[in-house]
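This report walks through one protein model. Look over the sequence and the structure before reading on.

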Amino acid sequence: MSKTRKLRKVALYRGSEAIMNYSQHATESTAKILHTVRNEFHRNPGLTHAVVTDRNGREWHLERNLSRLKLIWLTFRVN
């Protein structure tokens, strides 16, 4: 019996061009994933936004100017 792995997918963009795509396992906390995205924004000044796809397939668009309040709100919303 094979089990499907639940992954959260993250895509980082510069304008409409996807710069980097990666997946993180769903057992990692949402806060860690969002913190990683925020660190990528600080490390890479050319990034404009990111798209996080949660386990249910919903896409969450994160702008570069992500505030701490929005980060906390997303931590509870993203599955």
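Lys32 has a relative accessible area of 46%, so it counts as partly exposed. The term covers values between two limits: buried means under 20% relative accessible area and exposed means over 50%, using a 1.4 Å probe and protein chains only. Lys32 sits in helix H1. Its C-alpha atom lies 18 Å from that of Met20, and the two residues are twelve apart in sequence.

This is a predicted model, where local features need pLDDT of at least 70, side-chain atom pairs count only at pLDDT 80 or more, and totals for chains, interfaces and linings use all residues. Residues are numbered from 1 along each chain as its sequence is written, and side-chain values use heavy atoms, with hydrogens and water left out.

## Overall build

The protein holds two helices and four strands. Read from the N terminus, the order is β-β-α-β-β-α. Helices (H or I, at least four residues) and strands (E, at least two) are DSSP runs, numbered from the N terminus.

How does the radius of gyration agree with a compact globule? For 79 residues, such a globule would have a value near 12 Å; the protein has 13 Å, which agrees. The radius is taken over C-alpha atoms, and the globule rule is 2.2 Å times the number of residues to the power 0.38. Along the principal axes, the C-alpha atoms fill a box of roughly 45 × 25 × 20 Å.

Of the 79 residues, 34% are buried. The accessible surface is about 5,500 Å², and carbon and sulfur atoms account for 51% of that. These areas come from the Shrake-Rupley method with a 1.4 Å probe; for residues, only the protein chains shown count as cover.

Contacts (heavy atoms within 4.5 Å) also link distant parts of the chain. Take those between residues at least 6 apart in sequence: 41% of them join residues at least 24 apart.

## Asp54, a buried residue

Asp54 belongs to the loop between strand S3 (49-53) and strand S4 (59-63). Is this residue buried or exposed? Its relative accessibility is 3%, so Asp54 counts as buried. The Asp54 side chain reaches the backbone nitrogen of Asn56 at 3.2 Å. Beyond its neighbours within four places in sequence, Asp54 is in contact with Leu7, Arg8, Trp60, Val78 and Asn79.

## Three more positions

Asn21 lies in strand S2 (residues 17-25). With a relative accessible area of 56%, Asn21 is exposed. Not counting residues up to four places away in sequence, Asn21 touches Val10 and Ala11.

Gly46 is in the loop between helix H1 (30-43) and S3. At 34% relative accessible area, Gly46 is partly exposed.

Ala31 is part of helix H1. Its relative accessibility is 37%, so Ala31 counts as partly exposed.

Each of these residues also has a partner elsewhere in the chain. The table gives the C-alpha separations.

| Residue | Partner | Apart along the chain | C-alpha separation |
|---|---|---|---|
| Asn21 | Ala50 | 29 residues | 9.6 Å |
| Gly46 | Arg64 | 18 residues | 9.7 Å |
| Ala31 | Val78 | 47 residues | 9.4 Å |

## Charge

How many positive and negative side chains does the protein have? There are 15 positive and 6 negative ones, and the centres of the two sets lie 7 Å apart. Lys and Arg count as positive and Asp and Glu as negative, while His and the chain ends are not counted. The place of a charge is NZ of Lys, CZ of Arg, CG of Asp or CD of Glu.

Definitions and conventions. Polar contact = N/O pair within 3.5 Å; in protein donor to acceptor, adjacent residues only side chain to side chain.
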